[in-house]
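Please open the model in a viewer and keep the sequence panel visible. The stops below are given in the order in which they may be selected.

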Amino acid sequence: MFPQITLLVLSQYLILSSSQNLSVPIEKLTDNQIIVPRVVNGKTATVHDVPYQISFKKRSSYFGLEYTSFCGGTLLKPRKILSAAHCFEEKLLCKPCSSVVVVPEKKRKRIMAVAGNLKNKDSMRWFSRNTGQWRELRKIMYPSSYEFPVDDIALAFTYYKFRLDSTVKTIPYAATHEDYKGTCRISGFGRTSDTSVSAILLYADVEVISSSQCTKMHKRRMSKFICTSDLVSDVHKGDSGGPLVCNNSLVGVVSGNRPKVGSFFTRVSAYKDFIEKPELNREAIKQCAYNRLRQRRKNISNNLNGSKATVAIEYS
């Protein structure tokens, strides 16, 4: 058993006020009504406890060699990782024609995917087995419909395969909707106080509540989420983008938490099509671009016609 666990959050989002209306769908929530959770205290993991765990790390300083974890992920295939969209979110001026957003190369190149490594901070050493396996990312994408917390899911692909062994393994994911209940496992790099972060990977077992309870507690449509409750012990543990595993199957991705209500995880089975076929639909992109071009021409034409009409009136 491990010690009593308390919620410790990096509060880049404000805490929900108890006076706010809770009768709106989750799609209408704003950033100050939801907290993206970081991990809390858990049990120390070994490389064999969660071999599917991926740590996304960024370089701690521009010239330094040390990298620090900022989000988690789950290894689905030797080159394929599932995570959360809010870990890689891009600020878009307009909605893209494509069904997915592809993270720009400049941002992607600053990130490493690391497996078989228990350290929150570590230096990349290619030929040392003690630091796990480090991989550069070839592509990161998430649904263009994403607007936190809706469709908070992302895929990352590495250039080279992870070498599967006793410390690095893939995990199957849920492809059909199930109403999960009972104990499931989450993992990530947790906080031990307001000012310190765990130096190593932690994991914890949490109680998952039923879909009907989840909807009732949040007073919102929660069909694409799996929930835990603040009223249940050992909740709110997990790193953004990290795994929720039930019966040795990946069922959820750590997404967010509503204070005094509970944590929620993106339901993996709801995104089966995205996970299996995330490629760009080129025909749809062409049609979208064509429609936008037609609309632009129509707007220009209307503006010109309007100008001509005005001039004619002025000179009549």
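The largest cavity of this predicted model holds about 70 Å³ of space. To display its walls, select Thr46, Val47, Val50, Pro51, Gln53, Val114, Ala115, Gly116, Asn117, Leu118, Thr167 and Leu201. Colouring this lining by residue type gives seven nonpolar and five polar residues, with no charged residue. In the whole model, four cavities of 30 Å³ or more are counted.

Keep Val114 and Ala115 selected, since both belong to the cavity lining, and add glutamine 133. Which residues does glutamine 133 touch, apart from those up to four places away in sequence? They are Ala113, Val114, Ala115, Phe162, Arg163, Asp165 and Val168. Glutamine 133 is part of strand 8. With a relative accessibility of 5%, glutamine 133 is classed as buried, because the limit for that class is under 20%. The side chain of glutamine 133 also makes a polar contact of 3.1 Å with the side chain of arginine 135.

Strand 8 (133-143) also leads to the next stop, as it is one of the elements that give two or more residues to the lining of the largest pocket. This pocket has a volume of about 380 Å³. A lining of 15 residues surrounds the pocket, and those closest to its centre are Arg59, Tyr67, Lys109, Arg110 and Ile111. Besides strand 8, strand 2 (53-59) and strand 6 (111-115) each supply two or more lining residues. By type, the lining of the pocket consists of eight nonpolar, one polar and six charged residues, whereas the lining of the largest cavity has no charged residue.

Remain at Lys109, one of the residues closest to the centre of the pocket, and select glutamate 105 with it. These two side chains form a salt bridge, in which the closest N and O atoms are 3.2 Å apart. Are the two partners buried or exposed? Lysine 109 is exposed, at a relative accessible area of 59%, while glutamate 105 is partly exposed, at 43%.

How many salt bridges does the whole structure contain? A complete search finds five. For another of them, select aspartate 205 and arginine 185, whose side chains meet with an N to O distance of 3.1 Å. This pair links distant parts of the chain: aspartate 205 belongs to strand 11 (residues 197-209) and arginine 185 to strand 10 (residues 182-191), with their positions 20 residues apart. Both partners are partly exposed, aspartate 205 at 27% relative accessible area and arginine 185 at 24%.

A further salt bridge joins glutamate 276 and lysine 272, at 3.3 Å from N to O. Here both residues lie in helix 3 (residues 272-276), and because they are four residues apart, about one helical turn separates them. Glutamate 276 is partly exposed at 39% relative accessibility, as is lysine 272 at 29%.

Next, select lysine 181, in the loop between strand 9 (154-158) and strand 10. This lysine is exposed, with a relative accessible area of 62%. Which residues are in contact with lysine 181, leaving aside its neighbours within four places in sequence? They are Val208 and Ser210. Glutamate 207 is 26 residues away from lysine 181 along the chain, yet their C-alpha atoms are separated by 7.2 Å.

Three points of backbone geometry follow. In the loop between strand 8 and strand 9, select proline 149; the peptide bond that reaches it from phenylalanine 148 is cis, with omega near 5°. Then go to lysine 219, in the loop between helix 2 (211-218) and strand 12 (225-228). Although lysine 219 is not a glycine, its phi is positive, near 55°, and the residue is exposed at 52% relative accessibility. Asparagine 247, in the loop between strand 13 (243-246) and strand 14 (249-258), likewise has a positive phi, about 50°. Asparagine 247 is exposed, with a relative accessible area of 74%.

To finish, display the whole chain. The protein has four helices and 15 strands, and 48% of its 316 residues are buried. Among contacts with a separation of 6 or more, 70% are between residues 24 or more positions apart.

Terms used. Residues numbered from 1 in each chain as written. Predicted model: local features only at pLDDT ≥ 70, side-chain atom pairs only at ≥ 80, totals over all residues. Heavy atoms only, no water. 1 Å grid on protein atoms, 1.4 Å probe; cavity = no way out; pocket = protein on both sides within 12 Å on 5 of 7 lines; lining within 4 Å. Points joined across faces, edges and corners; volume = space filled by probe spheres on them. Nonpolar A, V, L, I, M, F, W, Y, C, P; charged D, E, K, R; others polar. Salt bridge = Lys/Arg side-chain N within 4 Å of Asp/Glu carboxyl O. Buried < 20%, exposed > 50% of the residue type's maximum accessible area, 1.4 Å probe, protein only. Polar contact = N/O pair within 3.5 Å; in protein donor to acceptor, adjacent residues only side chain to side chain. Contact = heavy atoms within 4.5 Å.
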